[in-house]
Amino acid sequence: MDTTEISKDNIVSTPKDEEETWDEELQELVQTLPKERNWINADHLYFYQGFWCPSGALKAVISFQKHFQAHDTDIIVISFPKCGTTWLKALTFSVVNRNQFAREENPLFRSGPHQLIRFFEYDLYLENPSPDLENSSLYPPRLFSTHVPYPSLPPSMKDSNSKIVYICRNPMDMFISLWFFTDKLRVENSEPLSLDEAFELFCHGTFGCGPFFDHVLGYWKASQENPNKILFLQYENLKEDIISQLKKLAMFLGFPFSEEEEKHGVVEEIAETCSFANLKELAVNKNGVHTFGFPHNTLFRKAEVGDWSNYFTPAMVERLEKLIQENFDKSGLTFKLSSQSPKDACA
Ligand code: A3P
């Protein structure tokens with residue numbers, strides 16, 4: 001494993017600083033919440049509304065819930081961390097805004113996907129408890145993003161005609177991706193978390209935004225009940241056939257590709273611009289640190305389906321398969337565990 005450590009000096013706002021800004025009401029609330037140490041040593045997790053919220057984001061989550069007013073035209077990119085958020089942001093931005101600029105002038109060449117579609121709880125409401133979002137987008141419609149679970153979304157987002165695109169990933173690859181990512185975020189001189197320790201925490205759901213299964217099931221069920229509002233995508237399907245998935249995304253968002261565009265290769269161009277190979281090599285994604293403290297380059301690692309098989313022991317496979325079955329058995333949701341699927345599909 002690459003054990004590159006980051007210095008605290010690179011982090012714009014450390015979770016500890018953030019806790020010092022909490023008012024009395026929030027201090028009282030957290031006294032009532034179960035608390036755990038986060039995988040990243042400087043941070044805590046609070047079990048808030050059924051999910052483990054990183055302490056650095058808690059105040060912002062609450063402000064977002066209280067103050068955000070959705071517009072019918074809003075588009076929200078939602079995911080569980082490490083499931084392909086960066087990719088889906090790049091694709092959504094490019095699909096929606098493709099007529100605003102020439103291909104070679106796509107803002108993705110100058111700004112990271114997370115700068116173009118900002119998180120409510122890690123950017124907008126972290127910087128300001130009541131930001132003015134009325135004209136927050138250079139190119140309407142407004143595009144936002146969050147990792148907050150479905151039950152905790154602000155009411156106006158559920159009640160409006162705004163659209164949600166959700167991406168999930170098979171839990172094995174997601175877990176390995178998270179393990180590498182958190183190791184990169186490890187503060188100086190702290191002990192790395194072993195794979196076994198991390199796996200234990202993952203199975204118990206005690207990590208930022210966890211439990212994974214509840215998050216995915218929440219959006220899966222909501223998308224089944226309201227398919228015009230929530231598009232449920234899977235990382236493995238995008239890897240397998242990005243063109244058809246892009247067309248599906250564009251259609252759902254109300255920006256379908258015309259025959260003319262398809263003939264001129266616009267779909268392929270967007271797929272190429274947003275590809276892992278392209279984004280990873282852009283200077284903007286190699287340098288810089290996100291407001292929440294992660295260097296942009298930590299978002300690009302391997303981007304493979306089935307990488308988990310290089311790390312999992314048979315006992316880990318057995319345990320996670322059992323958990324997948326227990327949680328998703330009756331849901332109708334299945335996961336492709338390798339690029340050889342569907343025979344490896346697990347439910
Ligand atoms: P790996 O760690 O398995 O490589 P998120 O964006 O939700 O944080 O997810 C990060 C994962 O998505 C990482 O997976 C990363 O390499 C992968 N990824 C980032 N950009 C991608 C892209 N354009 N296409 C495919 N995968 C991408």
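**Notebook: ligand shell, salt bridges and cysteines**

I began with the ligand and looked up which helices line it: helix 4 and helix 15 (276-281) each supply at least two residues of the shell around the ligand. The model I am reading is a predicted one, and I keep that in mind for every distance noted below. Helix 4 gives the largest share of this shell, namely 3 residues.

I then asked how many residues surround the ligand, and which are the closest. The shell holds 18 residues, and the closest are Thr 85, Thr 86, Ser 177, Lys 302 and Ala 303. Sorting the shell by class, I find 9 nonpolar, 5 polar and 4 charged residues.

Next I went through polar side-chain atoms facing the ligand. For Ser 177, which is also listed among the closest residues, a polar side-chain atom lies 2.6 Å from an oxygen atom of the ligand. Lys 82 likewise places a polar side-chain atom 2.7 Å from an oxygen atom of the ligand. On the side of Tyr 235, an N or O atom of the side chain is 2.7 Å from a nitrogen atom of the ligand. I also looked up how much of the ligand is covered: on its own the ligand has 570 Å² of accessible area, and the protein covers 97% of that.

I turned to charged pairs. Side chains of opposite charge can pair when their charged atoms come close. Searching the whole structure, I get 13 salt bridges, and I followed several of them individually.

The pair Glu 261 and Arg 98 forms a salt bridge in which the closest N and O atoms are 2.7 Å apart. This pair links distant parts of the chain, since Glu 261 sits in helix 13 (residues 259-263) while Arg 98 sits in the loop between helix 4 (85-96) and helix 5 (113-116), 163 residues apart. Are the two partners buried or exposed? Glu 261 counts as buried because its relative accessibility is 16%, under the 20% limit, and Arg 98, at 13%, counts as buried as well.

Arg 118 was my next stop, with two acidic partners to record. Its salt bridge with Asp 123 has the closest N and O atoms 3.8 Å apart, which falls within the 4 Å cut-off. With Glu 127, the side chain of Arg 118 meets in a salt bridge at 2.8 Å, N to O. As for exposure, Arg 118 is partly exposed, with a relative accessible area of 26%, and Glu 127 counts as partly exposed at 47%, whereas Asp 123 is buried at 2%. In another set, Asp 74, Glu 134 and Arg 142 are joined into one network by salt bridges that share partners.

Last, I checked the cysteines. A disulfide is a covalent bond between the sulfur atoms of two cysteines. How many disulfides does the model contain? The count comes to 0. Cys 168 is in no disulfide, and the nearest cysteine sulfur, that of Cys 83, is 6.1 Å away, so the pair does not meet the 2.5 Å limit. Cys 168 counts as buried, at 0% relative accessibility. Cys 209 is in no disulfide either, the nearest cysteine sulfur being that of Cys 53, 7.0 Å away. I note Cys 209 as buried too, with a relative accessible area of 3%.

Notes:
Residues are numbered from 1 along each chain as its sequence is written. This is a predicted model: local features need pLDDT of at least 70, side-chain atom pairs count only at pLDDT 80 or more; totals for chains, interfaces and linings use all residues. Side-chain values use heavy atoms; hydrogens and water are left out. Helices (H or I, at least four residues) and strands (E, at least two) are DSSP runs, numbered from the N terminus. Buried means under 20% relative accessible area, exposed over 50%, partly exposed in between (1.4 Å probe, protein chains only). A residue is near a molecule or strand if one of its heavy atoms lies within 4 Å of it. A polar contact is a pair of N or O atoms within 3.5 Å; within protein, one must be able to donate a hydrogen and the other to accept it, and residues adjacent in sequence count only if both atoms are side-chain atoms. Accessible areas come from the Shrake-Rupley method with a 1.4 Å probe; for residues, only the protein chains shown count as cover. Ala, Val, Leu, Ile, Met, Phe, Trp, Tyr, Cys and Pro count as nonpolar, Asp, Glu, Lys and Arg as charged, and the others, Gly among them, as polar.
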